[in-house]
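Okay, thanks for coming, everyone. I'll put the sequence and the model up on the screen and then talk you through them.

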Amino acid sequence: MAKSFDIKLICALCIAALVFFLAERLFAGEGGRAVIRVGGETAETLPLPLDAEYTGGGVVVEIKGGKAGITRSTCPNQLCVRQGFTDSPSKPLVCLPNKVSVTIEKAGAPEGVDDIAW
Ligand SMILES: [Zn+2]
């Protein structure tokens, strides 16, 4: 009796671990997500695999083909628009005049650490 309970418990734990692993891959592991911050506060988090558009803080952020980019901005120098698109956690996009930043986060990697380039 006690033994069959143990086996069931172990099976349940294995299934839970598997589901967690698959869910993590599905939602964040494949391409990560773009975190848009306006004035230091997180305004929006968008999964990179899904094309999307965010408008706010004076900029337009587009998610396209697994990459994030600032495509329009009200700032005078347009440096953020010229940065193009990024899919790397070590290449954040920043618009200083509008205090907007777009950073890429990937599952399994601590924030701000690039596990691909090194
Ligand atoms: Zn800008």
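I'll go through the overall layout, then the two sheets, then the core, and finish with a few individual residues.

Quick reminder before we start: this is a predicted model, so please hear everything I say in that light.

So, what's in the chain? We have two helices and eight strands. Reading from the N terminus, the elements go α-β-β-β-β-β-α-β-β-β. The chain has 118 residues, and 19% of them are buried. If you like contact maps: among contacts with a separation of 6 or more, 33% are between residues 24 or more positions apart.

Now the sheets. Let me take the one with β1 in it. It's an open sheet of four strands, ordered β2-β1-β8-β7, and the pairing is antiparallel. At the edges you find β2, residues 41–47, and β7, each of them pairing on one side only. From one strand to the next, the twist averages 20 degrees.

Zoom in on β1 for a second. It pairs with β8 in the antiparallel sense, over six bridges, and on that side the bridge partner of Ile36 is Val102 in β8. On the other pairing, β1 and β2 are also antiparallel, again over six bridges. There, Val38 stands opposite Glu41 in β2. β1 and β2 make a hairpin with two residues between the strands, and Gly39 in that hairpin has a positive phi near 60 degrees.

On to the other sheet. Here too we have four strands in an open arrangement, with the order β3-β4-β5-β6 and antiparallel pairing. Which strands stand at the edges? Those are β3, 52–56, and β6, 85–86; each has a single partner strand, so one side of each is left without a neighbour in the sheet.

In the middle of that order, β4, residues 59–64, pairs with β5 in the antiparallel sense over six bridges. As an example, Ile63 stands opposite Ala68 in β5. These two strands form a hairpin as well, with two residues between them, and Gly65 in the turn has a positive phi of about 60 degrees. Then β5, residues 67–73, pairs with β6, antiparallel, over two bridges. One to click on there is Gly69, whose bridge partner in β6 is Phe85.

Right, the core. The largest nonpolar core has 15 residues, and the ones with the most contacts inside it are Ala34, Val59, Val61, Ala68, Ile70 and Val102. Where do the core residues come from? β1, β4, β5, β7 and β8 each supply at least two of them. Val59 is worth colouring in. Skip its neighbours within four places in sequence, and Val59 is in contact with Ile70, Arg72, Ser73, Cys80, Cys95, Asn98 and Val100.

Compare that list with what goes on at Thr71. This residue lies in strand β5. Buried or exposed, or something in between? Thr71 has 15 other C-beta atoms within 10 Å, so it counts as partly exposed; you'd need 20 or more for buried, and 12 or fewer for exposed. Leaving out residues up to four places away in sequence, Thr71 touches Val60, Glu62 and Val81. And if you want a distance to check, Thr71 and Gly84 are 13 residues apart in sequence and 7.7 Å apart in space, C-alpha to C-alpha.

Last thing, backbone torsions. Most residues other than glycine have a negative phi. That's the background for two residues I'd like you to look at on the screen.

The first is Gln78, which has a positive phi near 60 degrees and is not a glycine. Gln78 sits in the loop between β5 and α2, the latter being 79–82. It counts as partly exposed because it has 14 C-beta neighbours inside 10 Å.

The second is Lys99. Its phi is positive too, about 55 degrees, although Lys99 is not a glycine. You'll find Lys99 in the loop between β7 and β8. With 14 other C-beta atoms within 10 Å, Lys99 is partly exposed.

That's my tour. Happy to spin the model around if anyone wants to see something again.

Definitions and conventions. Residues numbered from 1 in each chain as written. Predicted model: local features only at pLDDT ≥ 70, side-chain atom pairs only at ≥ 80, totals over all residues. Pairing = 2+ DSSP bridges. Core = buried A, V, L, I, M, F, W, Y, C linked by C-beta atoms within 7 Å. Contact = placed C-beta atoms within 7 Å. Axes fitted to C-alpha atoms, helices over the stretch in contact; angles between N-to-C directions.
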